[in-house]
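Subject: Structure for you to look at

Hello,

Here is the structure I said I would pass on. Please open it first, then read the notes below alongside it.

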Amino acid sequence: MVKNYFKSIRLLNLALLSFIFWGLMLNLYNSGLEFKIDHFLLFLSITATTASGYLINNYYDIKSDELNNKFIQGLSTKYFIGSYFIHFLISYFFIFISNLSGGWLMVITLVHILLYLYSLKLQHFPLIGNAFVCALCAVVILIPHSFSNETYNFKNLNIISNLLVVYAIFCFLITLKREIIKDMEDIEGDRIIGSNTLPVVMGLRMTKLFAAIVVLIEIIFLVLCFIQTPTTMNCILFFMTQLVVILIFCYQLYFSENQQNFKSISNLLKIQFLLAGVWLYIP
């Protein structure tokens with residue numbers, strides 16, 4: 001039961017998000033930000049909110065998950081909806097016991113509403129659901145920035161001086177790739193239940209072309225970041241590892257045709273997230 005629970009809340013995804021979140025926080029602490037328990041309580045609230053989003057998504061996706069061989073055996077709709085409300089309440093609990101402003105209560109409420117709308121309707125529209133998930137991921141990445149007194153700078157792509165903004169854009173692009181790949185992986189089940197995802201509407205070939213365009217944008221973005229970032233061994237290591245993963249992604253995408261192939265690519269993108277997170281912990 002514990003193993004199935006971890007699957008239902010996508011423990012690995014939560015771990016990757018946590019890894020990057022605290023890597024960004026560590027950089028802020030090194031820059032002079034003082035650690036406060038409220039930072040940790042907000043993180044716990046965000047984690048519970050994200051987990052609740054996965055659970056409500058499981059609730060509405062039971063039929064498609066069964067068709068795509070992704071159904072978690074032993075868990076029912078009653079389990080998913082019950083677990084969802086528990087995590088829903090936990091997310092508010094951590095906000096209430098903190099000294100955070102009421103604005104964060106509104107943010108968590110808004111995210112809960114959006115996650116519910118995504119599971120109910122938005123995920124079934126081409127690109128709209130994908131872009132929505134990517135935007136939420138970028139927002140989570142930008143949250144540590146709210147603890148600093150610095151203003152957002154979208155003109156400077158120096159990964160050292162403008163770390164959080166660069167990472168938010170970068171994670172948006174990686175997440176967009178992964179969401180597209182996941183839709184390609186689930187195309188058969190989505191087609192049967194009438195979900196109008198990008199692969200269902202455009203077909204696998206055109207969806208691959210769209211994914212290639214996203215990769216091209218990602219490469220251009222990384223090149224711009226590299227040009228504007230001081231040339232240090234640490235930064236070169238970051239850009240080189242990301243480029244290698246992107247090239248492997250392109251190779252696998254070109255030859256991928258079935259669900260297992262797309263699942264492998266999805267796991268590769270998790271590795272890309274992990275490598276991006278590791279860099280944050282290197283002095």
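Start with a small charged group: K70, E185 and D186 are linked in a network of salt bridges. Keep in mind while reading that this is a predicted model.

Salt bridges

A search of the whole structure finds six salt bridges. Side chains of opposite charge can pair when their charged atoms come close. One of the bridges joins E218 and K177, with N and O 2.8 Å apart. E218 lies in helix α11 and K177 in helix α8, so this bridge ties together parts that are 41 residues apart in sequence. Are these two residues buried or exposed? E218 is buried, because its relative accessible area is 0%. K177 is buried too, at 1%. K177 also has a ring beside it: the residue lies over the face of F249, 4.7 Å from the ring centre.

A salt bridge also forms between K208 and E257, at 3.5 Å from N to O. Here K208 belongs to helix α11 and E257 to the loop between α12 and α13, so the bridge connects parts 49 residues apart in sequence. K208 has a relative accessibility of 15% and therefore counts as buried, while E257 is exposed, with a relative accessible area of 55%.

The bridge between R191 and E188 is a local one, in that both residues sit in helix α9 (residues 187–193), three residues apart, or about one helical turn. Their closest N and O atoms are 3.4 Å apart. R191 counts as partly exposed, because its relative accessibility is 42%.

Helix α11

Two of the bridges above involve this helix, through E218 and K208. Helix α11 covers residues 204–228, which is 25 residues. From its first C-alpha to its last it reaches 36 Å, close to the 36 Å expected at 1.5 Å a residue. Its buried residues are T207, K208, A211, V214, V215, E218, F221, L222 and C225. What covers them? The cover includes helices α8 (163–185), α10 (198–202), α12 (233–255) and α13 (259–280).

The nonpolar cores

In soluble globular proteins, nonpolar side chains tend to be buried together. In this model the largest nonpolar core has 60 residues, and Y167 and F238 touch the most other members. The largest share of this core, 14 residues, comes from α8. Leaving out residues up to four places away in sequence, Y167 touches I20, L24, I141, I159, F238, A276, G277, W279 and L280. There is also a second, separate core of ten residues, with I9, L14, L55 and Y84 among them.

Aromatic rings

Y167 and F238 turn up again in one aromatic cluster, together with F170, F226, F239 and W279. How many aromatic pairs does the whole structure hold? The search finds 26. Among them is W22 with F40, a tilted pair with 6.3 Å between the centres and 40° between the planes. This pair links distant parts of the chain: W22 is in helix α2 (residues 11–30) and F40 in helix α3 (residues 37–60), 18 residues apart. F40 counts as partly exposed, because its relative accessibility is 34%.

That is the list.

Regards

Methods. Residues numbered from 1 in each chain as written. Predicted model: local features only at pLDDT ≥ 70, side-chain atom pairs only at ≥ 80, totals over all residues. Heavy atoms only, no water. Phe/Tyr/Trp six-rings, centres within 6.5 Å; stacked < 30°, edge-to-face > 60°. Helix = DSSP H or I, 4+ residues; strand = E, 2+ residues; numbered from the N terminus. Buried < 20%, exposed > 50% of the residue type's maximum accessible area, 1.4 Å probe, protein only. Lys NZ or Arg CZ within 6 Å of the ring centre and 35° of its normal. Expected span 1.5 Å × (residues − 1). Contact = heavy atoms within 4.5 Å. Core = buried A, V, L, I, M, F, W, Y, C linked by side-chain atoms within 4.5 Å. Salt bridge = Lys/Arg side-chain N within 4 Å of Asp/Glu carboxyl O.
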